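Please open the structure in your viewer and keep the selection panel at hand, since each stop of this tour begins with something to select. Take the stops in order, and pause at each one before moving on.

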Amino acid sequence: MNLFVIFFATLFTHNIALTYFLGMCPFISVSRSIKTALGMGLAVVFVMTVTAAINWPIYYKILVPLEVEFLYYVLFIITIAALVQFVEMVTERFLPVLQVTLGVFLPLITVNCAILGVSLFMVLRKYSYLESVVFAFGSGVGWTIAIIAMSGIRSKLLFADIPEALKGPGITMIIASIMALAFMGFAGMVGI
Amino acid sequence: MELNYMIFITPVLVMVSIAAALAGLLAFADKYIASYGECKIVINKGKELIVEGGNALLSYLVDNKIFIPSACGGKGTCGYCKLKVLEGGGPLLPTETPYLTKQEVLHSVRLACQVKIKRDVELAIPEDLLAAEQFKSVIEKIEDLTHDIKRFVFKLSGSSKINFKAGQYVQFCIPDTTEFRAYSIASDPGTKDRVELMVRLVPGGLCSTYMHEALEVGDEACLTGPYGEFFLQENSKKDIICVGGGCGMAPIKSIINHLFATNAAQNITYFFGARQKKDLFYTEELERFEKKHKNFEFVPALSEPAKEDEWTGEVGFITQVMQKHLKYNKNQEAYLCGPPPMIDAAIGILTSKGININDIYYDKF
Ligand code: FES
């Protein structure tokens with residue numbers, strides 16, 4: 001399948017945050033300012049791409065030949081968790097600059113369902129290695145676009161008069177759903 | 001039918017070997033990448049701690065019995081664990097910025113729970129924080145002071161003694177949580193084996209509700225302290241003005257008791273503000289003091305006395321009463337304790353009465 005189509009689809013028609021509603025926890029809690037949203041987004045892009053790139057060979061080179069595909073849920077989670085740990089240690093030691101912008105977010109996304117979701121979709125949709133990596137990268141970028149848009153809206157919300165009961169996560173969920181409706185406008189442009 | 005054992009063995013083998021590979025990777029990383037060797041923590045240019053690097057600064061300090069206030073238990077959400085990291089702290093992290101003012105950033109103040117130790121660091125910790133200790137204690141007495149304020153007396157276990165200055169506070173640790181709340185010490189600094197606190201029931205407040213509802217005489221409790229920059233300046237001979245309502249009574253009571261215990265000669269005036277008579281407490285005791293010590297005056301004031309109170313004393317906000325009562329005199333100092341708006345208003349009045357702003361000490365809560 002055309003790599004460009006996959007990339008486009010992950011950004012708009014199949015946005016991991018707004019179409020599948022995955023990765024909602026950081027989406028709601030870290031979207032207060034554009035700066036932190038961007039940091040979180042970059043961390044997600046990075047971890048998604050790397051984990052998909054590692055999980056693909058684990059699935060196709062180890063699980064499939066040995067006919068134990070059903071283990072993939074457990075194994076994907078373990079690899080994601082271990083990898084994030086590892087990456088965190090490496091950035092902390094060798095890339096202190098990156099650590100300042102990304103570091104604090106890395107542990108937060110170890111258990112993010114969007115990350116696992118991407119690895120699972122990659123298997124379900126039978127992507128090739130290259131397709132998987134592009135898909136994962138695109139999904140991360142799509143998630144970042146969504147959270148930045150959300151934080152932009154929320155920064156305007158600071159001055160709005162919101163009913164007491166809806167303050168914080170309440171209004172954010174409502175906005176997320178309206179954004180999702182808007183993204184439905186892209187539906188049908190491309191398919192994956 | 002012959003059973004194919006492989007369908008059991010392969011998954012287990014696969015799981016185990018992949019998990020082992022990853023664990024090996026992490027163990028390797030932990031040993032060679034995340035280890036920073038021995039680091040030296042120098043405190044106030046004197047005391048040195050040699051530690052194995054890699055963890056948060058706060059945890060090393062706690063390990064070495066230096067109790068920095070930390071209400072959230074190191075999660076970076078309370079902003080209490082501030083101290084100056086003069087060297088080796090690395091760049092300021094996004095998790096810290098929300099809790100630091102521009103001033104503090106300029107003076108290299110950091111959150112101890114967020115700074116990781118990766119090389120030698122140099123810290124500046126206020127001496128009084130270094131003096132803080134952790135105390136095990138048993139509740140000896142609980143009594144009602146008003147309808148919503150209780151008095152707790154903690155007897156320190158064993159022979160431990162607390163050395164504090166009149167006006168300082170301790171932190172009460174809520175059992176089975178990592179939450180702390182700060183309460184001013186109401187007892188006299190001369191009493192070193194007991195700590196007395198006054199706790200107002202805050203509607204919906206976790207700690208005050210726990211203390212009011214669940215604590216009983218004989219329960220064990222853990223306190224850390226003493227903390228705080230608000231305390232009696234013992235060497236000053238200036239006349240003293242104390243202002244405090246509600247639980248603000250606690251540090252002021254400690255200050256006044258201490259002054260009498262040391263036979264202070266200067267004039268002392270205590271303004272106590274409350275809404276109604278049911279919010280007043282210790283009145284008789286303070287009035288007794290007034291009779292006994294010529295240099296002490298107690299001025300309670302009610303802002304909204306109820307009919308049945310039959311109140312003949314001062315009426316109005318405590319600040320109005322101060323305005324009326326105080327004379328212009330440069331040679332005075334003031335100790336204020338209470339909610340921020342009251343303190344701000346009181347400072348305005350005190351300075352207009354000639355008191356130097358540097359002679360006004362306060363504790364906002
Ligand atoms: S301990 Fe609460 S912010 Fe550091």
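Begin by selecting Thr77 of chain B in this predicted model, and then show Cys72(B) and Tyr99(B), which Thr77(B) touches when residues up to four places away in sequence are not counted. Thr77(B) sits in the loop between helix H2 (57-63) and E3 of chain B. If you now add Cys113(B), which is 36 residues away from Thr77(B) along the chain, you will find that the C-alpha atoms of the two are separated by 9.8 Å.

Next, stay in chain B and select Glu104(B) together with Lys82(B), which form a salt bridge whose closest N and O atoms are 3.2 Å apart. Glu104(B) belongs to helix H3 (residues 102-106) of chain B, while Lys82(B) belongs to strand E3 (residues 82-87) of chain B, so this pair ties together parts that lie 22 residues apart in sequence. In general, side chains of opposite charge can pair when their charged atoms come close. Over all chains, a search of the whole structure finds 14 salt bridges.

Now colour the strands of chain B, where five of them form an open sheet with mixed pairing, in the order E2-E1-E5-E3-E4. At the edges you will see strand E2 (47-52) and strand E4 (109-111) of chain B, each of which pairs on one side only. Direction ignored, neighbouring strands of this sheet are turned against each other by 40° on average. For a detailed look, select strand E1 (residues 38-43) of chain B with E2(B), which pair in the antiparallel sense over six bridges, and pick out Ile43(B), whose bridge partner in E2(B) is Lys47(B).

Then move to chain A and select helix H7 (residues 113-124) and helix H8 (residues 129-157), which pack at an angle of about 145° with their axes 10 Å apart. The crossing of H7(A) with H8(A) is right-handed. Which residues of H7(A) meet H8(A)? They are Val118(A), Phe121(A) and Met122(A), and on the H8(A) side they meet Ser132(A), Phe135(A), Ala136(A) and Ser139(A). Sorted by class, this contact has five nonpolar residues, two polar ones and no charged ones.

Finally, display both chains and look where they meet, for 22 residues of chain B are in contact with 21 residues of chain A. Between them the two chains bury about 2,000 Å², of which 83% is on carbon and sulfur atoms. How many salt bridges are there between chain B and chain A? The count is zero.

Methods
Residues numbered from 1 in each chain as written. Chains lettered and ligands numbered in written order. Predicted model: local features only at pLDDT ≥ 70, side-chain atom pairs only at ≥ 80, totals over all residues. Heavy atoms only, no water. Pairing = 2+ DSSP bridges. Helix = DSSP H or I, 4+ residues; strand = E, 2+ residues; numbered from the N terminus. Axes fitted to C-alpha atoms, helices over the stretch in contact; angles between N-to-C directions. Left-handed = near helix turned anticlockwise from the far one by under 90°. Contact = heavy atoms within 4.5 Å. Nonpolar A, V, L, I, M, F, W, Y, C, P; charged D, E, K, R; others polar. Buried area = accessible area lost by both parts, 1.4 Å probe. Salt bridge = Lys/Arg side-chain N within 4 Å of Asp/Glu carboxyl O.
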